[in-house]
Every structure is written in C-alpha cells, then in structure tokens.
Amino acid sequence: MTGTAAPFAADDYRARMERAARSAAEAGLAGLLVAPGPDLVWLTGYAPTAVTERLTLLVLAPAQDPVLVVPTLEAPDAAKAAGASALTLRDWTDGKDPYAATAALLDAGGRFGISDNAWAMHLLGLQKALPGTSYASLTEALPMLRAVKDTAELELLAAAGAAADATFEEIRKVPFGGRRESEVAADLAGLLRRFGHSQVDFTIVASGPNGANPHHEVGDRVIERGDMVVLDFGGLRHGYGSDTSRTVHVGEPTDEERRVHDLVRAAQEAGFCAVRPGVPCQEVDRAARAVIADAGYGEYFIHRTGHGIGVTTHEPPYMIEGEEQPLVPGMCFSVEPGVYLPGRFGVRIEDIVTVTEDGGRRLNDTTREMVIVD
C-alpha cells in the first residue's frame, strides 16, 4: 500500500469503524482484529512505513472504543494518521509482551474476525495468550466489509478509471510491431504514473499466442504484424484502484479474429446489462458466459467474469457461479469476459462497473470496438 491520499477525515474513519463493529456483531463475532494492510488503511487511514515482526493490530468490538495496538517506536507515525483521533493508541515497548496487552482488550472466550494477511506468529501469540478464543478470516466472516463504496470513494474510483482510459488512448498511438512486450508494458506503467497513479500493480501485454494465457507474465517476445495483443493494466491512484483490459490488433485482423473479438464484446455487454440492485453476483457471470458458450467457445472462457475493486485492485465481491450475494448500489467490480485459444490468441475486454439505484454505470469509457495499431 502507498498510504492514502484520499480526502477522508476522522469522522469518515470513525463511521467506518463503527459500521465494521456493528457488522461483526451481526455476524456473531466478538470483534475484529485488523493487521496492517488494505483493511487497516480503509478503517483508519494508517499504513505503516514498513510491516515488521512487531505487532500492530486494530481492535474493534461492539460497545468498545477502537484501540490500535502499536509499537512505541511507530506510535508517532500512527498518531498522524487521518483517523487517529477516532481511536485510542495503546503502544508497547520492545521487551514487553504485545499479546498480553492485546488480550486485555478481548473477550477471553470470543470468536474474532482477523485480517487475512495477519502474520501467523501474531495469531498464534494471541491464541496462546487467550486459549479460549477462536478466529475466522475477514474474507470468510465479513466478505462485504469494504464492498459498498460511498460517494467520495466512487469519485476516486471514477478518477482512477478515467486515468486508465487516458493511458489506453495514449498507448494505442505508440508502435507495437517490432517491439518487445516488455517495452510496451514499460510504456503503460509510465503512462499510468503520468496520469496520476502512485502505484502500478500490473501491466499485462500478451501478444499472439501469449494472449491465450489470461495472466501472462510480460516477456521479451517481439510483437509481430498480425498479432492480437491483450492489454490489461491498473494500479492505485489516490489510494483507489483502476483495472481495464482492451485487445488490440497489429495490422488488419482475420475474419476469425474479428468474430472472436465481437463475441467477447457482446459477452461483456451482456454482463454489464445484467448489473442491477438485488441481482446475485453469479448472474453477471452467467449472462456473459452464456453468450460465449452459445457461440461454441465456452471451454475457452477459463476464469470468473469479475472481481471487486477499491483500496485494492482485487477484492470481494466476485462475479462467479455460486456467489449468491445480491448486488447493492455502490458496489464496484470488473466485468471482463475473455476467450483464450491455446497456441493462437486471446481476447479480453474489461470495464469497472458500479451498481446504481436502477442498473449499472461503467467507470471505463474507451472504445470496446477492435482497435488497429501499428
């Protein structure tokens, strides 16, 4: 994480912590234990400069003021966080037992939600201090904790999407043929930063047969005339994510390549049109997948249709068969069907979509038609 440049005040963080504590109680939990990472940034605005073996843990429980247990040498930085005035800092010094200090804040027989990225040594230390406690990962216990965005968060996500769109409009102007995938990927990263991203999470440039691998690692393959090229890129801008995919072609495509691209575009449109409040997440996947399956390419659509986005570029909710979580206004996620023909080429088209009161709104607006590049 790069910290948060988002314009949130202490009252915003206080409201988030209160909502999280209520959600924990509704889920039958005694509280939440939040380690450094995206959940801590979202709840408090605090991102330690370095995450070390020293315990840092936010304790949230119903009818109890939030407490951030933090090493003494890091307390001054924690006190500067935007949400610091909405919680109590409890510091501990080297040589003292941080688990004993934390245990005093916890129900000795309670079940707690704990950050997925909490260190095993910290969880084991808490279990040793309080043998009667039990734990569930936050993703399991409260998967929708950060899923519904408020107005300010939606504005930041929209701005990140616009920056990614500007990046695509510029990258389509650069030469592709005769250059290595890694060179185009470097161009993408530079453009994302030029348009305001502080963190670049991925720049996939998958040309020709490499496009059949959805998560192709950029390599030194030289892009050739006649290649289909999958571009998938994103990162964080002012603490909130972007993620978009477009598939371009170097020179004129074949009829089959156009047909597959048009098929994926139709599937992406079907997935988008399925978005509306109350619809289970899996229906977005079903709508997009049905278009591809009906055309005889179902076996070549090998991943879920979408994932949530917010202070990370991948988070709940997920648009996948079996996910019955209803869509709620303010949720943001990708809609990104694809077709991947082994040894030949791939196509993926991806927009970030937010749920509105009566449907959905795209946060990416670049053309979804076939783009020809040099």
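In the predicted model, strand 2 and strand 3 form a hairpin in which two residues lie between the strands, and Ala 63 in the turn has a positive phi of about 60 degrees. The pairing of strand 2 with strand 3 is antiparallel and extends over four bridges, with Val 67 of strand 3 serving as the bridge partner of Val 59. Strand 3 also pairs with strand 4, which spans residues 88–92, here in the parallel sense and over five bridges; in this pairing Val 67 stands opposite Thr 88 of strand 4. Six of the eight residues of strand 3 are buried, and the strand is therefore largely enclosed by the rest of the structure.

Both strands of the hairpin also contribute to the largest nonpolar core, since strand 2 (57–61) and strand 3 (64–71) are among the elements that each supply at least two of its residues. This core comprises 34 residues, of which Leu 32, Leu 43, Leu 58 and Leu 68 touch the most other members. Further elements that each provide at least two residues include strand 1 (31–34), helix 2 (38–44), helix 3 (75–79) and helix 7 (151–171), while helix 1 gives the most, with four residues. A second core, separate from this one, contains 21 residues, among them Val 174, Ala 185, Leu 192 and Val 205.

The surroundings of Leu 58 illustrate the packing in more detail. When neighbours within four places in sequence are left aside, Leu 58 is in contact with Leu 32, Leu 33 and Val 34, with Leu 40, Leu 43 and Thr 44, and with Pro 66, Val 67 and Leu 68, as well as with Met 17 and Leu 87.

A charged residue, Glu 153, is found in helix 7. The relative accessible area of Glu 153 is 2%, and this residue is therefore classed as buried. Apart from neighbours within four places in sequence, the contacts of Glu 153 are with Phe 8, Arg 16, Trp 42, Val 148 and Tyr 240.

A search of the whole structure for enclosed space identifies two cavities of 30 Å³ or more, and the second largest of these has a volume of about 40 Å³. The lining of this second largest cavity is formed by Pro 36, Pro 48, Ala 50, Val 51, Thr 52, Arg 54, Thr 56, Pro 71 and Glu 74. By class, five of these lining residues are nonpolar, two are polar and two are charged.

Key
Residues numbered from 1 in each chain as written. Predicted model: local features only at pLDDT ≥ 70, side-chain atom pairs only at ≥ 80, totals over all residues. Heavy atoms only, no water. 1 Å grid on protein atoms, 1.4 Å probe; cavity = no way out; pocket = protein on both sides within 12 Å on 5 of 7 lines; lining within 4 Å. Points joined across faces, edges and corners; volume = space filled by probe spheres on them. Nonpolar A, V, L, I, M, F, W, Y, C, P; charged D, E, K, R; others polar. Core = buried A, V, L, I, M, F, W, Y, C linked by side-chain atoms within 4.5 Å. Buried < 20%, exposed > 50% of the residue type's maximum accessible area, 1.4 Å probe, protein only. Contact = heavy atoms within 4.5 Å. Pairing = 2+ DSSP bridges.
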